[in-house]
Number of protein chains: 2
Amino acid sequence: MNVNLKQLAEMLGLSQTTVSRALNGYPEVSAETRQRVLSAVRETGYRPNRAAQRLATGRAGSIGLVMPIAPGIDSDVHFGEFLAGLGEESVRHDFHFVINPSAPDDEEATFKRLAASGNVDALFLAYVRANDPRIAMLKSLSIPFVVHGRAIGQPADYPFLDIDNTAAFYDATRLLIQLGHRRIALINGPANLTFSIRRKKGLQRALEENGLSFDEDLSQHSLMTDEYGHRAMQRFLEREEPPTAVLCSSTVIALGAVRAINKAGLQIGTDISLIAHDDVLPMLKPENFSIPLTTTRSSLRAAGSRIATRLISRILKTGDYPEQELWRAELIVRASTGPAPKS
Amino acid sequence: MNVNLKQLAEMLGLSQTTVSRALNGYPEVSAETRQRVLSAVRETGYRPNRAAQRLATGRAGSIGLVMPIAPGIDSDVHFGEFLAGLGEESVRHDFHFVINPSAPDDEEATFKRLAASGNVDALFLAYVRANDPRIAMLKSLSIPFVVHGRAIGQPADYPFLDIDNTAAFYDATRLLIQLGHRRIALINGPANLTFSIRRKKGLQRALEENGLSFDEDLSQHSLMTDEYGHRAMQRFLEREEPPTAVLCSSTVIALGAVRAINKAGLQIGTDISLIAHDDVLPMLKPENFSIPLTTTRSSLRAAGSRIATRLISRILKTGDYPEQELWRAELIVRASTGPAPKS
DNA sequence: TAGCAAACTCAAAGCGCTTTGAATTTCGGG
DNA sequence: CCCGAAATTCAAAGCGCTTTGAGTTTGCTA
């Protein structure tokens, strides 16, 4: 049914070489011949077989991701948004992704398999953990890669794109301190992920620089869902001296936190201040909360798009991009922050 | 650096044939030889090149998806959850996905390209539209596929998995009617998607069967985000005779609707009843809403997993699954539904 | 009109694997 | 101790493409 190069060439009375060259834009084909080839392609609906192309060139036009998955593991909203960013850029260059699901304890092996399979031209790693062994492994793999995030406790000598999480939460905390807050709580992402660690550090640093002490009990780690946000906030509010302000690592967490605050009959922005990190999820905009949320903003989608750009330029050897980028999150003040209540 | 089959065979003093057979579990290899081969693989870290394998066998161990994407298009939370389901099952069979981003108006061509590329063994289609031309196209493609959802206005003579959306919203509406509600609003998904159309039909049918008329003005279509849910609900509440009950096509929509209701000073479950469709997103559980939500429930993730199962069994020609499945959503009554207020 | 570079086109090799059909070895029975 | 069947192993072809190195035309210049 489907035509292949050989048949196409035969139909045209040309050699495979010429047809291939005509298609791939080589200069040594006469304009007339190229036209003939192109219109034959249109008529027959010829599409080159990617596997063969891949085998011949060593390039596949694809980016590989490993998706940790297991019956118990929840999907992460943020993943979809990131993917959208990757896709947005990839589609321009006719690239695709190969997503390899993997049991969480088998991720390294999956990466290796993916790289060796020849199915992908580049790899991408996210959800970086503190001293992440996967990075060293990627470096050993001789295939381009970009890390979204950065490890901690090992030299940053690999290509990455990260946001300055420490600075983001440092700034947020400073704002709260300026408003008079003293007890500032944190509902963070999972404890082993570096962005969580850095955000906590940002909070801690700002507190200490202002002569305040960091209270470990006011810091919670959890999955970034509504439910956990709610639970954590509830627990904070049950304390003898509840915090007067809270930082949330995601607007999804904030959702639950806001609910807990409302339930407790407190008013956001006056009784308690809240700042969330905003990944710019289209599903959930901080400005649409009943009390619009003050946020540290950095678009996850933009990050995805940028990483695709860099990866693709590496593969195609076009353009020249910095190997390491640290984006600054914007602090956007809305109504959820206000002066600390007099106590 | 990486070994290939030829080198491996050379090292072992065997032919490529034998090594290949040993690896792929063919019976005509002596147990001893097989052991030698396997341990050599372990030592060298040999991984077969998938592109070559693909070229030789015609199979790749992959499922192809087309992801519509463009700078303006929002990512959909539901997509990630579905992917998790697909992944959960795929990982068991060492399958992967090839995701091809595509401009929305180029989807058909992208499907064709994907199928012809030889990169995938099966295709998957979601977000079915009313009279979706993509289905006819898939049928013409001679590659297995499963549709998540069903078209309307064309024979259902293709493999699909869908939930009975009509029945779900019919049941939900009946419950509301039994509770005395007469003005029931609907905040639905995009107007061109078949699940939206069917849900509306369910509502309509239940109303008419009970001698109530369907009011087109009480039905809104929108993207399934918090923001649109909020906006739609707000508009409903501004009417002279606001509805006493509302159906939401997603818990994400419900989120915004609840907010609008609260803002209007109304009490959910007494002043106004709400039923949402629950895709079982881990991020947002209906039982955790401040007033737990009555829902029609059907796990999107389970659907993804099931579709992967069917697709893979088709590819591998193992097992035998029904070609068409219509799942029933469960109606789960919680606190957000109550008797209609006396007016 | 010969001669030469430039412009085209081609045949064939090779990417790494599977699989066919044939060759070789092993083994039990006569 | 030979023979045919069963058990192993192998060489080579082929999957569909790119690319090298060489061959053929064409268009000018001298």
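This note comments on how chain A meets chain B, and on how both chains meet DNA strand D, in a predicted model.

1. Extent of the protein interface. Chain A and chain B each place 56 residues in the contact between them. About 4,700 Å² of area is buried between the two chains, and carbon and sulfur atoms account for 62% of that area.

2. Salt bridges and polar contacts. Four salt bridges are counted between chain A and chain B. One of them pairs A:E227 with B:K285, where the closest N and O atoms are 3.0 Å apart. Across this interface, 13 residue pairs are in polar contact, with both residues at pLDDT 80 or more.

3. Elements of chain A at the interface. On the side of chain A that touches chain B, the elements giving two or more residues are helix 4 (50–57), helix 5 (77–90), strand 2 (96–102), helix 6 (107–116), helix 10 (226–237) and helix 11 (251–263). Helix 5 of chain A supplies the largest share, nine residues. By residue class, this side of chain A comprises 27 nonpolar, 15 polar and 14 charged residues.

4. Strand pairing between the chains. Strand 2 of chain A is joined by three bridges to strand 2 (residues 96–102) of chain B, and the two strands run antiparallel. Within this part of the model, A:I99 stands opposite B:F97, a residue in strand 2 of chain B.

5. Surroundings of DNA strand D. There are 28 residues around DNA strand D, and those that come nearest are A:L5, A:S20, A:R21, A:Y26 and B:T17. The surface near DNA strand D divides into ten nonpolar, 14 polar and four charged residues.

6. Backbone and bases of the DNA. Among the atoms of DNA strand D within 4 Å of the protein, 58% belong to sugar or phosphate, and the rest belong to bases. The following contacts illustrate both kinds. A phosphate oxygen of DNA strand D lies 3.2 Å from a polar side-chain atom of A:Q53. For B:S15, a polar backbone atom is 2.8 Å from a phosphate oxygen of DNA strand D. The side chain of B:R21, by contrast, has an N or O atom 2.9 Å from a base nitrogen of DNA strand D.

7. Elements facing the DNA. Which elements give two or more residues to the surface near DNA strand D? They are helix 2 (16–23) and helix 4 of chain A, together with helix 2 (16–23) and helix 4 (50–57) of chain B. Helix 4 of chain A also gives two or more residues to the side of chain A that touches chain B.

Methods: Residues are numbered from 1 along each chain as its sequence is written. Chains are lettered from A and ligands numbered from 1 in the order in which they are written. This is a predicted model: local features need pLDDT of at least 70, side-chain atom pairs count only at pLDDT 80 or more; totals for chains, interfaces and linings use all residues. Side-chain values use heavy atoms; hydrogens and water are left out. Contact means heavy atoms within 4.5 Å. Buried area is the accessible area (1.4 Å probe) that two parts lose on being put together, summed over both. A salt bridge is a side-chain nitrogen of Lys or Arg within 4 Å of a carboxyl oxygen of Asp or Glu. A polar contact is a pair of N or O atoms within 3.5 Å; within protein, one must be able to donate a hydrogen and the other to accept it, and residues adjacent in sequence count only if both atoms are side-chain atoms. Helices (H or I, at least four residues) and strands (E, at least two) are DSSP runs, numbered from the N terminus. Ala, Val, Leu, Ile, Met, Phe, Trp, Tyr, Cys and Pro count as nonpolar, Asp, Glu, Lys and Arg as charged, and the others, Gly among them, as polar. Two strands pair if DSSP finds at least two bridges between them. A residue is near a molecule or strand if one of its heavy atoms lies within 4 Å of it.
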